[in-house]
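Reader: I should like to work through this protein chain with you, one question at a time. Please reason each answer from the structure shown here.

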Amino acid sequence: MIMKALLKATIGINVEIKKGKEMAKRELTCACCGESAGQWEQWHNQDTGFGLCRKCADWIAKRTMFGRPDPQGNPLELSKTYGLPGTHLEPHYYRHLGLDFAIVAEFPDTKDGTSDANAFMARFPNHGVLAVADGRVIVARVDDLGVCGSTQQ
Ligand SMILES: [Zn+2]
(Lines give C-alpha, C1' and ligand atoms only; values in the text may rest on other atoms or scores of the structure.)
Protein backbone atom coordinates (compact mmCIF):
# COMPACT_ATOMS: atom_id res chain seq x y z
CA MET A 1 0.00 0.00 0.00
CA ILE A 2 2.79 2.41 0.90
CA MET A 3 4.71 1.47 -2.27
CA LYS A 4 1.63 2.18 -4.37
CA ALA A 5 1.21 5.62 -2.75
CA LEU A 6 4.92 6.36 -3.20
CA LEU A 7 4.77 5.31 -6.85
CA LYS A 8 1.75 7.51 -7.40
CA ALA A 9 3.54 10.46 -5.73
CA THR A 10 6.67 9.86 -7.84
CA ILE A 11 4.63 9.79 -11.03
CA GLY A 12 2.96 13.02 -9.92
CA ILE A 13 6.36 14.68 -9.41
CA ASN A 14 7.56 13.53 -12.84
CA VAL A 15 4.46 14.96 -14.48
CA GLU A 16 5.09 18.27 -12.72
CA ILE A 17 8.73 18.29 -13.84
CA LYS A 18 7.69 17.52 -17.41
CA LYS A 19 5.10 20.30 -17.30
CA GLY A 20 7.73 22.69 -15.99
CA LYS A 21 10.11 21.73 -18.79
CA GLU A 22 7.44 22.25 -21.43
CA MET A 23 6.61 25.64 -20.00
CA ALA A 24 10.22 26.87 -20.09
CA LYS A 25 11.01 29.88 -22.21
CA ARG A 26 13.16 29.34 -25.26
CA GLU A 27 14.51 31.40 -28.12
CA LEU A 28 11.88 31.42 -30.86
CA THR A 29 12.07 32.25 -34.56
CA CYS A 30 9.20 34.19 -36.07
CA ALA A 31 7.09 31.89 -38.27
CA CYS A 32 6.03 34.94 -40.30
CA CYS A 33 9.26 36.89 -41.06
CA GLY A 34 12.02 34.52 -39.94
CA GLU A 35 13.58 37.01 -37.51
CA SER A 36 13.98 36.41 -33.78
CA ALA A 37 10.67 36.31 -31.92
CA GLY A 38 12.41 36.57 -28.52
CA GLN A 39 12.38 34.17 -25.59
CA TRP A 40 8.91 32.90 -24.87
CA GLU A 41 7.13 29.65 -24.11
CA GLN A 42 6.48 27.33 -27.04
CA TRP A 43 2.86 27.43 -28.26
CA HIS A 44 1.60 23.93 -29.11
CA ASN A 45 0.13 25.05 -32.43
CA GLN A 46 3.51 26.20 -33.80
CA ASP A 47 6.40 24.04 -34.95
CA THR A 48 9.02 23.59 -32.24
CA GLY A 49 11.26 26.66 -32.05
CA PHE A 50 8.80 28.93 -33.86
CA GLY A 51 6.64 31.75 -32.54
CA LEU A 52 5.60 35.21 -33.69
CA CYS A 53 7.51 38.48 -33.32
CA ARG A 54 5.76 41.62 -32.06
CA LYS A 55 6.14 43.41 -35.40
CA CYS A 56 4.37 40.61 -37.29
CA ALA A 57 1.70 40.27 -34.58
CA ASP A 58 0.92 43.99 -35.00
CA TRP A 59 0.84 43.59 -38.78
CA ILE A 60 -1.56 40.64 -38.59
CA ALA A 61 -3.77 42.47 -36.07
CA LYS A 62 -4.12 45.52 -38.33
CA ARG A 63 -4.26 44.04 -41.81
CA THR A 64 -7.45 44.04 -43.82
CA MET A 65 -9.04 41.78 -46.41
CA PHE A 66 -11.33 43.36 -48.99
CA GLY A 67 -11.54 46.53 -46.90
CA ARG A 68 -12.59 44.76 -43.70
CA PRO A 69 -10.46 43.67 -40.71
CA ASP A 70 -8.80 40.30 -41.34
CA PRO A 71 -10.52 37.77 -39.02
CA GLN A 72 -7.05 36.33 -38.28
CA GLY A 73 -6.23 39.63 -36.56
CA ASN A 74 -8.90 39.12 -33.89
CA PRO A 75 -7.09 38.25 -30.62
CA LEU A 76 -9.11 35.06 -30.23
CA GLU A 77 -8.10 33.81 -33.69
CA LEU A 78 -4.52 35.06 -33.26
CA SER A 79 -4.23 33.15 -29.97
CA LYS A 80 -5.36 29.90 -31.58
CA THR A 81 -2.45 30.06 -34.02
CA TYR A 82 0.26 31.89 -32.07
CA GLY A 83 -0.59 31.70 -28.36
CA LEU A 84 -0.93 34.52 -25.86
CA PRO A 85 1.02 37.80 -25.68
CA GLY A 86 3.07 37.87 -22.49
CA THR A 87 3.43 34.07 -22.50
CA HIS A 88 4.12 32.97 -26.06
CA LEU A 89 5.00 36.28 -27.72
CA GLU A 90 6.03 39.79 -26.78
CA PRO A 91 3.07 41.81 -25.48
CA HIS A 92 2.26 45.49 -25.54
CA TYR A 93 1.84 46.94 -22.06
CA TYR A 94 -0.82 49.06 -20.44
CA ARG A 95 0.05 51.38 -17.56
CA HIS A 96 -2.48 51.20 -14.77
CA LEU A 97 -2.00 52.74 -11.32
CA GLY A 98 1.68 53.29 -12.07
CA LEU A 99 2.36 49.69 -13.05
CA ASP A 100 2.72 48.12 -16.49
CA PHE A 101 0.57 45.09 -17.29
CA ALA A 102 0.99 42.81 -20.31
CA ILE A 103 -1.93 43.28 -22.68
CA VAL A 104 -3.02 39.77 -23.59
CA ALA A 105 -5.85 40.96 -25.81
CA GLU A 106 -7.65 44.16 -26.61
CA PHE A 107 -10.96 44.77 -28.30
CA PRO A 108 -12.88 47.83 -29.42
CA ASP A 109 -15.22 49.17 -26.73
CA THR A 110 -18.29 48.34 -28.80
CA LYS A 111 -21.07 45.77 -28.55
CA ASP A 112 -19.18 43.38 -30.88
CA GLY A 113 -15.87 44.10 -29.13
CA THR A 114 -17.39 43.36 -25.72
CA SER A 115 -18.85 40.13 -27.09
CA ASP A 116 -15.43 39.16 -28.47
CA ALA A 117 -13.76 40.03 -25.13
CA ASN A 118 -16.25 37.80 -23.31
CA ALA A 119 -15.58 34.97 -25.78
CA PHE A 120 -11.84 35.42 -25.21
CA MET A 121 -12.19 35.30 -21.41
CA ALA A 122 -14.48 32.25 -21.69
CA ARG A 123 -11.74 30.48 -23.65
CA PHE A 124 -8.98 31.67 -21.29
CA PRO A 125 -10.65 31.79 -17.85
CA ASN A 126 -7.54 33.02 -16.02
CA HIS A 127 -7.91 36.38 -17.79
CA GLY A 128 -10.02 39.42 -16.99
CA VAL A 129 -10.67 43.01 -18.00
CA LEU A 130 -7.85 45.23 -16.77
CA ALA A 131 -9.34 48.47 -18.06
CA VAL A 132 -11.82 49.99 -20.45
CA ALA A 133 -10.11 53.10 -21.75
CA ASP A 134 -9.53 55.06 -24.92
CA GLY A 135 -12.22 53.06 -26.74
CA ARG A 136 -10.51 49.76 -25.88
CA VAL A 137 -11.38 46.81 -23.67
CA ILE A 138 -8.00 45.64 -22.35
CA VAL A 139 -7.64 42.05 -21.15
CA ALA A 140 -4.78 40.83 -18.95
CA ARG A 141 -3.94 37.75 -16.89
CA VAL A 142 -5.63 37.87 -13.50
CA ASP A 143 -2.33 36.88 -11.85
CA ASP A 144 -0.36 39.67 -13.56
CA LEU A 145 0.78 41.87 -10.68
CA GLY A 146 2.25 44.48 -13.02
CA VAL A 147 5.80 45.71 -13.19
CA CYS A 148 7.09 49.10 -12.22
CA GLY A 149 7.61 51.27 -15.28
CA SER A 150 10.25 49.40 -17.28
CA THR A 151 8.26 48.83 -20.42
CA GLN A 152 6.63 50.57 -23.35
CA GLN A 153 3.00 51.54 -23.28
ZN1 LIG B 1 8.07 38.42 -37.51
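Reader: Which residue in β2 stands opposite R26?

Author: The model is a predicted one. Strand β1 covers residues 25-30 and is joined to β2 by five bridges, the two strands running antiparallel. Within β2, the residue that stands opposite R26 is W40.

Reader: In the open sheet of three strands with mixed pairing, what is the order of the strands?

Author: The order of this open sheet is β2-β1-β3. Strands β2 (36-41) and β3 (50-51) each have a single partner strand, so one side of each is left without a neighbour in the sheet. The strands at the edges are therefore β2 and β3, and the order is β2-β1-β3.

Reader: Is C56 buried, partly exposed or exposed?

Author: Residue C56 is found in helix α2, which spans residues 54-62. A residue counts as buried if 20 or more other C-beta atoms lie within 10 Å of its own, and as exposed if there are 12 or fewer. C56 has 19 such atoms within 10 Å, so C56 is partly exposed.

Reader: How far apart in space are C56 and C30, C-alpha to C-alpha?

Author: Leaving aside residues up to four places away in sequence, C56 touches C30, C32 and C33. C56 and C30 are 26 residues apart in sequence. From C-alpha to C-alpha, their separation in space is 8.1 Å.

Reader: Which residue takes a positive phi in the hairpin of β6 and β7?

Author: Strand β6 (residues 92-96) pairs with β7 in the antiparallel sense over five bridges, and the bridge partner of R95 in β7 is D100. Strand β7, residues 99-103, is mostly covered, with four of its five residues buried. Two residues lie between the strands of this hairpin, and the residue with a positive phi, near 55°, is L97.

Reader: Which strands stand at the edges of the open sheet β8-β10-β9?

Author: This sheet of three strands has antiparallel pairing. Strands β8 (105-108) and β9 (127-133) each have a single partner strand, so one side of each is left without a neighbour in the sheet. Neighbouring strands here are turned by 25° against each other on average, direction ignored. The strands at the edges are β8 and β9.

Reader: What angle does the direction of helix α4 make with that of β10?

Author: Strand β10 (residues 136-141) is joined to β9 by six antiparallel bridges, and R141 in β10 is the bridge partner of H127. Helix α4, residues 111-123, packs on the sheet and touches β8, β9 and β10. The direction of α4 makes with that of β10 an angle of about 10°.

Reader: Which element gives the largest share of the largest nonpolar core?

Author: This core has 16 residues, of which I103, V104, I138, V139 and A140 touch the most other members. Two or more residues come from each of β6, β7, β8, α4 and β10. The largest share is four residues, and the element that gives it is β10.

Reader: How many residues are in the other core, which includes A37 and C53?

Author: In the largest core, I103 touches residues including Y94, I138 and A140, not counting residues up to four places away in sequence. Another core lies apart from that one, and A57 and L78 are also among its members. Its number of residues is 11.

Terms used. Residues numbered from 1 in each chain as written. Predicted model: local features only at pLDDT ≥ 70, side-chain atom pairs only at ≥ 80, totals over all residues. Pairing = 2+ DSSP bridges. Axes fitted to C-alpha atoms, helices over the stretch in contact; angles between N-to-C directions. Contact = placed C-beta atoms within 7 Å. Core = buried A, V, L, I, M, F, W, Y, C linked by C-beta atoms within 7 Å.
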